[in-house]
Amino acid sequence: MTVRFQSPFQCIQYLEKQGTSSRRLLIASSGGKIYSYAGETGQRLSSWPQDVDPSNANNSREIDTEPGSQDQAPPEKKRKVSSSVEETVQSSKSAAKALAWSSIPILVAHPNDDYLVALTAEDKCVRVFHLQDDGTFEQLSERCMPKRPCSITLADDGNTILCGDKFGDVYSLPLLPSKEPYVAPKLPSRPKVPSATALTVHSKRNLESLEQQLRFSQTENSTEEKPALNFQHQLLLGHLSLLTDVAYVSVPLDGNSSQKRNYILTADRDEHIRVSRYPQAHIIENYCLGHTTFVSKLCVPPCAPEYLISGGGDDYLLVWKWAEGRILQKVPLVEQPSETTQVAVRGIWATSFGPLNIVLVALDGSSQLQCFVLGLDGVLTAQDPIEMSGNVLDVASIGKDSTIIVSVDGIREKGSTQEWRANPTSPSSLIATLRVKPDTENLEWEPVTEPLATNVNSAGSSDIATDTNTKGRKELNDSLYSLGNLRKKHGEDD
Amino acid sequence: MSAPPPKRQRREQYRKRAAAAASKETPGRVKLPQKKFYRQRAHANPFSDHQLNYPLSPAHMDWSLHYPGFVDPDAGETNLAGARKVLKDVEIVDIGCGFGGLLVGLAPLLPETLMVGMEIRTQVMEYLENRIQALRTQQKKLKNAPTTATESPAPPTPSEASIDGAAPDSAATPETSTGLVAGGYENISALRSNTMKFLPNFFRRQQLSKIFICFPDPHFKARKHKARIISENLNAEYAYALRPGGLLYTITDVEEYHHWVLRHFREEGEQQASEGGVKDLFERVSDEELANDPCVEVMREATEEGKKVTRNKGNKYVAVFRRKADPEWPA
């Protein structure tokens, strides 16, 4: 039996729904797909978009017209219906590749675990799913953003999606769009005349082009309006540089715990962390300035929302009292910093196991998961790092079991974002689970022997051929490890 | 290997000579820099990664090099970056100051207020730095030798001043090079920056009392409107840096841009109700009030662009906005 590389899990989320229908689910995105697994056994429950069986790929027309299946059908399937030529050429391979996206870089779970927000990369589409009790996905909406979103978070108890994009803008969208069809607000129509006049431009060339514009506007009254977003949205704020992360914080007002003040924290490629009010995000309360390269991750620990842990291209983390823009601590991430090591913080995860508040940090392309204990005074104390079998991609935690689930990269060599392993491991290693050893002085971890990881790993995800060519490999590498691109490349300057 | 183009060669020669002249203790006259050696195309891409120097935070900014006349005499007083402190905070910013006409015009009006001009173009910035340095030196000489005023600093020769093509005013305005001026230009300085990105690195919350945005790049094409210096997003940053009651001055010769400015700070006769936008933070200052504000006159007449527009008989559209206090948190 030949072993194939298994596409790693880019994002994982662990959902625990309490109440009448208690349910535990592990949700993972891998390549262009989202999978759901039973939280206890690791048995795969469902995937989205639904597998297209090669035998009935040609019948997609019929599938589409079936009631109920529309929600799960990826949009491009509908496109296929119109062109019968494409259908005939279609093989089983192209059916799998026909998705309009190749990766799902963001998964966000709703606080009450009924909904899941996912971003499909290439079509810039924010998709909201309802999670059924049997673990299947029902897509409720798809909203394509004007620019590629970099970060998505939920606000207002999960009723609002905040979406920060590559252009530095943050939009707020309702989680569930209202039933009424969206009507774009009417902009006051302005006559289309060139804004330049003979009074403002003087050079010969400029005057010529102005004349041309005037002639053009007289002859042709073309009103080429940019297609506006066809769903309810609001631009909250904007940075001029690429936005990297958005965090939403709700802090109780002193004394009176029922009253809360909401803030939105935004980080960008130009070292800034901005603290704005929410939803009045035009009121900037503060900037947290202290990074010397890009900021890639913001983490406000749920157990202590007055603190902020930020990381990026610097070889340290910063712990902030963010309301005051004050640095509390500079936490080194590299033992012996050198000029050549380029650090990029991939993720900062805060979790609480009983009274123990833990912060986990992973660097891009590193197999080490760094552990810290967060004190009540906001101070991080470094613990022994955990060495994983591959680069750490994402972390989810199971609070009541004191367990973490780590998604690891089984394709690339440890510590590299580019070099592929010679051979796939068997069984594949997609996730690993670790538990805090009880009753130990220091924070120590032990592997969990429960079936979750074993079953998930043995089921695998989608195959990636071992003989993928260099170009294909590079594309896959870049879609998984893109943080290095945030570093500034200073070119010619004048 | 090809020789550098003649223009660059001339510029380099000029700078070498100027640097040599500046290092020598030349008695008598101090030459102001000539603009023709510092021309640069009027546009810069605000989105690209320029090689910029900017402080980590406002508390790390070394203003002592910019305002040697205002440095705290106590050498033990240092900021977070270990630099000498200055006695006052910078209060006035000219965003996109260009060749510095506004600063030079404002300097004697507010001699005790520190002002800084920010400009993204290197050549223009170099000119302005040299200009301010020369003005300061002239003033110092005037001050030290008031009795021998007849022989010291001679105004630039006519040939020098008019060599700059059609702009005889540009190299050195006569009034700046003759008499003693209040403050001696010690209160103005300029630095290279991209304010669209790095304004919060220089100024604390509510540090500024005035921001000037004079004759900004109009970015005529709709596709380029995101590069305009006035936008809803950037206005939030201006509001952050301005203290309540502080003023933001704008002037442009492009009518469409003027309406753009009005739209982005205050509704302009539009019924569209906009709740909670950045517009809530600004109110427009009435024309009567502006009539008594000498800064407006400087902005209209002393800036290089203002003079150019006058020469070309263009229009000037002024709009000034006052920063209102932040609204209360909703209960």
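1. In this predicted model, strand S19 (residues 307–312) and strand S20 (residues 316–321) of chain A run antiparallel and are joined by four bridges. Two pairs of residues show how they line up: A:Tyr307 stands opposite A:Lys321, and A:Ser310 has A:Leu318 as its bridge partner in S20(A). The two strands make a hairpin, with three residues between S19(A) and S20(A).

2. S20(A) also pairs with strand S21 (residues 326–332) of chain A, again in the antiparallel sense, over six bridges. One of the residue pairs here is A:Leu317 with A:Val331, the latter lying in S21(A). S20(A) and S21(A) form a hairpin too, with four residues between them. In that turn, A:Gly325 has a positive phi of about 65°.

3. These strands belong to an open sheet of four strands in chain A, with the order S18-S19-S20-S21 and antiparallel pairing. Its edges are strand S18 (295–299) and S21 of chain A, each of which pairs on one side only. From one strand to the next, the twist averages 25°. As a reminder, strands of a sheet pair through backbone hydrogen bonds, either parallel or antiparallel.

4. The next point is the nonpolar core. The largest one has 182 residues, and the members that touch the most others are A:Ile12, A:Leu265, A:Val359, A:Val406 and A:Ile431. The element that gives the most to this core is helix H3 (residues 122–144) of chain B, with seven residues. A:Val406 can be followed by its contacts: beyond its neighbours within four places in sequence, A:Val406 is in contact with A:Leu369, A:Met388, A:Val392, A:Val395, A:Ile431, A:Ala432 and A:Leu434.

5. Where the chains meet, 34 residues of chain B are in contact with 27 residues of chain A. On the chain B side, the elements that give two or more residues are H6, helix H7 (232–241) and helix H8 (255–265). By class, that side has 14 nonpolar, twelve polar and eight charged residues.

6. H6(B) deserves a point of its own. Eight of the eight residues of H6(B) are buried, so this helix is largely enclosed by the rest of the structure. Those residues are B:Thr195, B:Met196, B:Lys197, B:Phe198, B:Leu199, B:Pro200, B:Asn201 and B:Phe202. They pack against strand S17 (284–287) of chain A, and against S1, strand S2 (114–119) and H7 of chain B.

7. An unreviewed UniProt entry carries the annotation "binding site" for B:Gly96, B:Glu119, B:Ile120, B:Asn194, B:Thr195, B:Cys214, B:Thr303, B:Glu304 and B:Glu305. B:Thr195 lies in helix H6 (residues 195–202) of chain B. B:Thr195 counts as buried because 26 other C-beta atoms lie within 10 Å, and 20 or more are needed for that label. Not counting residues up to four places away in sequence, B:Thr195 touches B:Ile95 and B:Met118.

8. B:Gly96, also covered by that annotation, sits in the loop between strand S1 (90–95) and helix H2 (101–106) of chain B. Is B:Gly96 buried or exposed? B:Gly96 is buried, because it has 22 other C-beta atoms within 10 Å. Leaving out residues up to four places away in sequence, B:Gly96 touches B:Glu119, B:Ile213, B:Pro216 and B:Ile229. Among these, B:Glu119 is itself covered by the "binding site" annotation.

9. B:Glu304 and B:Glu305 are on the annotated list as well. In helix H11 (residues 304–311) of chain B, these two are buried, along with B:Gly306 and B:Val309. The buried residues of H11(B) pack against H2, S4 and helix H10 (294–301) of chain B. Just after H11(B), B:Lys313 takes a positive phi of about 55°.

10. The last point concerns a separate annotation. UniProt, again in an unreviewed entry, places the feature "active site" at B:Asp217. B:Asp217 is found in the loop between strand S4 (208–214) and H7 of chain B. B:Asp217 is partly exposed, because 17 other C-beta atoms lie within 10 Å, and that count falls between the limits of 12 or fewer for exposed and 20 or more for buried. Outside the stretch of four places either way in sequence, B:Asp217 touches B:Ala42 and B:His43.

Technical notes
Residues are numbered from 1 along each chain as its sequence is written. Chains are lettered from A and ligands numbered from 1 in the order in which they are written. This is a predicted model: local features need pLDDT of at least 70, side-chain atom pairs count only at pLDDT 80 or more; totals for chains, interfaces and linings use all residues. UniProt positions are given in the numbering used here, feature names are shortened, and annotations may be inferred rather than shown by experiment. Two residues are in contact if their C-beta atoms, placed from the backbone, lie within 7 Å. A nonpolar core is a set of buried Ala, Val, Leu, Ile, Met, Phe, Trp, Tyr and Cys residues joined through C-beta atoms within 7 Å. Ala, Val, Leu, Ile, Met, Phe, Trp, Tyr, Cys and Pro count as nonpolar, Asp, Glu, Lys and Arg as charged, and the others, Gly among them, as polar. Two strands pair if DSSP finds at least two bridges between them. Axes are lines fitted to C-alpha atoms, for helices over the stretch in contact, and angles run from 0 to 180 degrees between N-to-C directions.
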